[in-house]
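Trainee: Please take a close look at the unusual backbone geometry in this model. I would like one connected account of it.

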Amino acid sequence: MLTKADIFALTPVILVCATAITVMLGIAWRRHHAATFLVSVLGLNLALVSVIAVWLMGTVETPLLVFDGLAIFGMAVVLVSSLACATFAHGYLEGYPGPKEEFYLLLLCAAAGGMVLVASRHLATIFFGLELLSMPLYGMLAYTFRDERSLEAGIKYLILSAAGTAFLLFGMALLYAETGALDIATIGARLASTQGVWAIAGAGLMLVGLGFKLSFVPFHLWTPDVYQGGPGPSATFLATASKAAVFIVFLRIVMEVPVFHETGPHLILTVLALITMLVGNILALLQPNLKRLLGYSSIAHFGYLLVVLVVADGLAVETAGIYLVTYLVTTLGAFGVVTVLSSPYSGEDASALHHYRGLFWRRPYLAAVLTVSLLSLAGIPFTAGFIGKFYIVALAVEAGRWWLVGGILAGSAIGLYYYLRVLVTLYLVEPGMQRRDAPHDWAIRAGGLVTLGLALLVILLGVYPTPAIDWMADIAVAGQ
C-alpha cells in the first residue's frame, strides 16, 4: 500500500505521464505544433520543479522504486535533457511536411521511462523502465522516415536493442534462479556470502544487455550508424538522457550486487573500460561525419565512466555524477549546433564535416559554441570537460588502477587530435564547397538560445565548478 509520501515522491513521473496523455488528447482534438510544444515544455518544467521538492523530502522507498539522491539526480538529468531536446525539436520540425506533434508524445514517454529506470530498485521496474525508454526511441529515430538513413537508424536500433534486452532478461532470470529474489538489495544480500555459477553467469548476461545500451566495445557497432541516421533531436536524446539513465541504474546494480566485485567480473569490467576508451577514440580518428564522430566520442566517454564501475568505492558516485553533468551539457551543446544547422525537409542533417567548413565566417557565434563544446569534450582546462576528466583520473589514481590511468591519458591524447581537426575545419574557407547554414535569426529562436546557454554553462562549470561538486558530494553522502 502506497503512503502519501510515496505518492508525493512519484509526482515527477506522474506529471510527465499526465503531460503525455494531455498531448495525446490534444493531437486527437486538433493538431497544433506550437501548442503541443508549449504543453510538453510546461509539463517537463513542472516535473523538474517537483523533483526539487521530492529531493527536500529525503530518501523515500516504495516496493519497486527508491527516491534517493542518485535517483533525484538521474531524474534531473533526464528532464533537463528532454527539455533541451524538445526545444531543439521545435525549430527542427518547423518545416517538416509530415505530422510533427507525435514527436513530443514519444519524447515524453521516453522521459517517463528514463525516470522510472533511474529510480528502480527491482528487476521488474528496471525492465519496465528500460523498455518504456527504448520503445519510443525507435519511433523518434525513424521519425523522418522518408530519409532512408533515419528509417535505417530506427530499425537498426530496434533489432540490436531487442537483442540487448534478451541478454538482460536471461541474466535477470539466472539471478532470480540463484537468489529467489527480484529486489536488488535482497539479491545483493543473498550473494554477499556465496556466489554460484548461475549468479556470475546472470551478472555477465546483464552486463552484455546493458553494454549494448551503453555502446561498450564490442557491443558498439550500432552506435555510429544510429547517430548519423537519427534526426538531430532524437540522436541528442539517445546520447544524453537515454545513456545517462542506463548508466545510473547500472551503477546502482554494481554498487549493491557483490558479484560484480569478484575477480572474474571485475577483470572483465577493467578490460571493457580499457578497450572501450581506446577503440572509441581510435575509430573516431578518421570520421568525415560530425555525428558519427560524436557517436564514437560517446563510446570513449562511457569507457572513461566505466572506471567508476571498476572502482565502485570511495568517490565513485561523486565522480560519476560530476562526469555525467559535464558530459551532458557539452554533448547537448554540440548536438544543439548540429540541430540548428539541420532541418528534415532539406535533405539529411548537416553532419558531414564539409558542411562546417568556414562556419566561423558565416555564423561566428554558432562556431564559438561548437568550439567550446569540442574543447570541453577534449578535456581542455577552463571547460566543464576538464573537471569531469580530472575527477576520473583522480579516482583511478586513488584506487591505484594505473592501467586505467594510462588508458585515460592515451585516449584523451588521441581525442585531442580529432577534436582539433574539426575545430580547424570551422575556420577554413574553400570556394565551391557544399555548405549548410543556420537561419539568420537562429540566436533568437528557442533552440539557439538554449545552445548559447549551454556553451556559457560549459565555461561556467569549467571555471567555477564548486556548486556542482558540492551537490554531487551531498548525493554521494546521502547514498551511503
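Mentor: Start with F382, which sits in the loop between helix 16 (364-378) and helix 17 (384-398). The model is predicted, and in it the phi of F382 is near 70°, a positive value in a residue other than glycine. Most residues other than glycine have a negative phi, and most peptide bonds are trans. F382 has a relative accessibility of 61% and counts as exposed, because the cut-off for that class is over 50%.

A second positive phi belongs to S215, at about 65°, and S215 is not a glycine either. S215 is also a loop residue, placed between helix 9 and helix 10. Its surroundings contrast with those of F382: the relative accessible area of S215 is 0%, so S215 is buried, whereas F382 is exposed.

The loop that holds S215 also contains P218, and the helices on either side of that loop span 197-214 for helix 9 and 223-229 for helix 10. Here the peptide bond itself is the point of interest: V217 and P218 are joined by a cis bond, with omega about 10°.

For a helical position to set beside these loops, take T339, which belongs to helix 14 (residues 316-341). T339 has 4% relative accessibility and therefore counts as buried, as the limit for that class is under 20%. Leaving aside residues up to four places away in sequence, T339 touches F88, Y92, G232, P233 and T236.

Terms used:
Residues numbered from 1 in each chain as written. Predicted model: local features only at pLDDT ≥ 70, side-chain atom pairs only at ≥ 80, totals over all residues. Heavy atoms only, no water. Helix = DSSP H or I, 4+ residues; strand = E, 2+ residues; numbered from the N terminus. Buried < 20%, exposed > 50% of the residue type's maximum accessible area, 1.4 Å probe, protein only. Contact = heavy atoms within 4.5 Å.
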